[in-house]
Amino acid sequence: MSFFWIATASPFEESHQEPPSAAIVVFGATGDLASLKIFPALYHLALEGRLPENTAIVGAGRKNLSNEEFLKLFRKAVDSAATSGIKIDESFWTRFKGRISYQKIDTDEGYNQLNHLLRNQTNRIYYLATQPSAFSSIVQKLSEHGLIYDSKQKDRWSRVVIEKPFGRDLDSAQNLQNEISKVLDESQIYRIDHFLGKEGIQNLFAFRFKEGLFEPIWNRRYVDQVQITIGEEIGIGTRAQFWEETGLVRDLLQNHMMQILALAAMDPPANLDSEKIHAEKIKLLNAVRLFPDKIENVAVMGQYDEGEVKGISVPGYRQESGVPAKSSIETFAAAKVFIDNDRWEGVPFYLRAGKRLPAKTTEIAVFFKGLQKDNGHTLFIRIQPEPGIFLRKISKEGESRPLVRLDTLSDQPQADAYEKLLEDCFHGDASLFVQADEQIASWKLWTPLIRHAATHPPDRYPAGKTWGPKAAEELAHWEVLEKTSINP
């Protein structure tokens with residue numbers, strides 16, 4: 001029986017008028033994120049008429065590139081993304097490329113030139129796809145050179161999209177917030193977490209707050225435990241500089257994991273407007289119990305060694321290009337946490353994420369209590385890949401029955417997460433972006449683990465062969481939904 005529908009648009013009950021023309025300036029324009037995600041998303045939005053016709057796109061970076069060289073980089077990014085469904089329309093590209101330009105920004109003169117370049121564009125979006133350490137200085141320079149409008153202006157706007165991680169720990173996150181707040185009003189700050197734009201997250205939201213069939217048993221009386229897994233087959237690739245500055249906890253747990261946890265565990269909002277949703281998320285995140293003094297009893301950190309992925313030998317983290325030979329940066333982390341509220345008191349939430357694991361998957365497993373110990377149904381909510389919701393039933397004899405798919409498959413193509421979020425930013429819709437209080441609450445939890453890891457080397461695990469170090473397997477009896485088990 002199908003009772004759940006796939007959300008094909010934002011689940012939030014808000015309407016927005018078509019935004020006026022704007023310029024989007026992408027800082028870090030020669031980096032991986034811009035090429036892999038941002039440029040293909042902007043092209044596809046423009047191709048489908050979801051951006052105003054005269055929106056300008058400016059790449060900003062420290063490299064000395066001509067406009068022609070930058071156009072080749074942009075086109076290469078779009079061509080590379082064509083395999084994932086973005087089709088190249090040559091006649092459209094001929095018109096579209098005239099809206100694209102590049103500005104070298106490594107001095108004050110670069111910002112002056114940017115200001116001149118944007119003179120005919122009323123509204124501006126600045127996307128900071130740079131190293132996190134550059135966020136504060138870029139915002140300050142934008143302000144100094146008159147590129148940020150006062151938030152009270154009604155006839156024009158400027159918005160700043162800030163990539164993760166927002167800070168390195170609690171103190172730095174608070175300092176970053178204080179610094180950018182001197183220049184930007186909260187309404188101008190769009191902290192992006194691309195997981196919130198994914199189809200699977202929209203499904204989770206609709207499942208919990210649109211349908212609500214499981215809501216009466218979504219609590220400590222009926223739930224034995226909850227597991228959330230974010231697994232990636234890939235290693236860090238060419239991102240050694242970023243990874244050495246960031247690590248797994250900052251890159252995945254502090255943001256993606258906590259947003260999934262919030263949506264999975266928070267109380268239903270009074271209504272589905274942005275303010276009420278953010279209020280419930282913040283309330284939930286502030287209720288997560290902080291780690292005890294002996295963190296090693298409830299958390300495990302790991303780093304992948306050489307191994308094999310899909311029959312291909314891969315290097316260990318310390319053998320990746322640009323990684324120090326004795327690096328102790330984690331590529332895996334797992335933790336057991338509790339939520340101190342009436343709904344979840346005493347229910348353990350197990351969280352784990354890692355690189356070079358056996359499969360790419362992001363999913364929530366909710367274990368319901370049975371009449372006997374370890375004898376209850378399990379609900380799997382898969383965020384990616386192949387989003388879906390599945391129930392594994394247990395017979396009276398304790399035997400596992402085939403999975404039952406609970407959601408209704410949609411034959412409509414789903415928008416890429418970056419497309420969805422960029423379009424929302426143009427419309428001024430911050431519903432799927434992260435508020436400051438959410439970031440601070442999350443850092444309060446994870447900062448002690450980051451500090452603990454600084455003096456405790458991570459356990460090792462073979463790439464592609466296990467779901468992390470042995471100690472993580474001892475933390476919980478983990479389960480993931482195997483592709484071969486899905487019976488639509």
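Where in H8 is there a kink, and how many degrees is it? Hold that thought for a moment, everyone, and thanks for coming. One thing to keep in mind as we go: this is a predicted model.

So, the answer. The kink in H8 is centred on Gly-247, and the angle is about 90°. You can find the helix by looking at residues 240–265.

Let me step back to the whole protein. We have 488 residues, and 57% of them are buried. The secondary structure comes to 12 helices and 17 strands. If you take the contacts between residues at least 6 apart in sequence, 77% of them join residues at least 24 apart. On the outside, the protein exposes about 21,700 Å², with carbon and sulfur atoms supplying 48% of that area.

Now the inside. The largest nonpolar core has 153 residues, and the members that touch the most others are Phe-27, Phe-74, Leu-379 and Trp-446. Our kinked friend H8 gives the most to this core, with 15 residues. Another core lies apart from it, with 6 residues, including Phe-390 and Leu-481.

Take Leu-379 as an example. Beyond its neighbours within four places in sequence, Leu-379 is in contact with several aromatic residues, among them Phe-207, Phe-214, Trp-218 and Phe-368. Its contacts also include Ile-364, Val-366 and Leu-406.

Back to H8, which is mostly covered, with 23 of its 26 residues buried. Here is one for the bench people: is Gln-254, a residue of this helix, buried or exposed? Gln-254 has a relative accessible area of 2%, and because buried means under 20%, Gln-254 counts as buried. Its side chain makes a polar contact with the side chain of Asn-255, at 3.4 Å. Setting aside residues up to four places away in sequence, Gln-254 touches Val-249, Gln-439, Ser-442, Trp-443 and Trp-446. You have met Trp-446 already, among the residues that touch the most other members of the largest core.

Last stop, strand E8, at residues 299–305, where 6 of the 7 residues are buried. Which strands does E8 join? With E11, residues 332–337, there are 4 bridges and the strands run antiparallel. Met-301 has Ala-333 as its bridge partner there. With E17, residues 459–462, there are also 4 bridges, but these strands run parallel. In that pairing, Tyr-304 stands opposite Tyr-461.

That's my tour. Happy to rotate the model for anyone who wants another look!

How values were computed:
Residues are numbered from 1 along each chain as its sequence is written. This is a predicted model: local features need pLDDT of at least 70, side-chain atom pairs count only at pLDDT 80 or more; totals for chains, interfaces and linings use all residues. Side-chain values use heavy atoms; hydrogens and water are left out. A nonpolar core is a set of buried Ala, Val, Leu, Ile, Met, Phe, Trp, Tyr and Cys residues joined through side-chain atoms within 4.5 Å. Buried means under 20% relative accessible area, exposed over 50%, partly exposed in between (1.4 Å probe, protein chains only). Helices (H or I, at least four residues) and strands (E, at least two) are DSSP runs, numbered from the N terminus. Contact means heavy atoms within 4.5 Å. Accessible areas come from the Shrake-Rupley method with a 1.4 Å probe; for residues, only the protein chains shown count as cover. The bend at a residue is the angle between axes fitted to the seven residues ending there and the seven starting there. A polar contact is a pair of N or O atoms within 3.5 Å; within protein, one must be able to donate a hydrogen and the other to accept it, and residues adjacent in sequence count only if both atoms are side-chain atoms. Two strands pair if DSSP finds at least two bridges between them.
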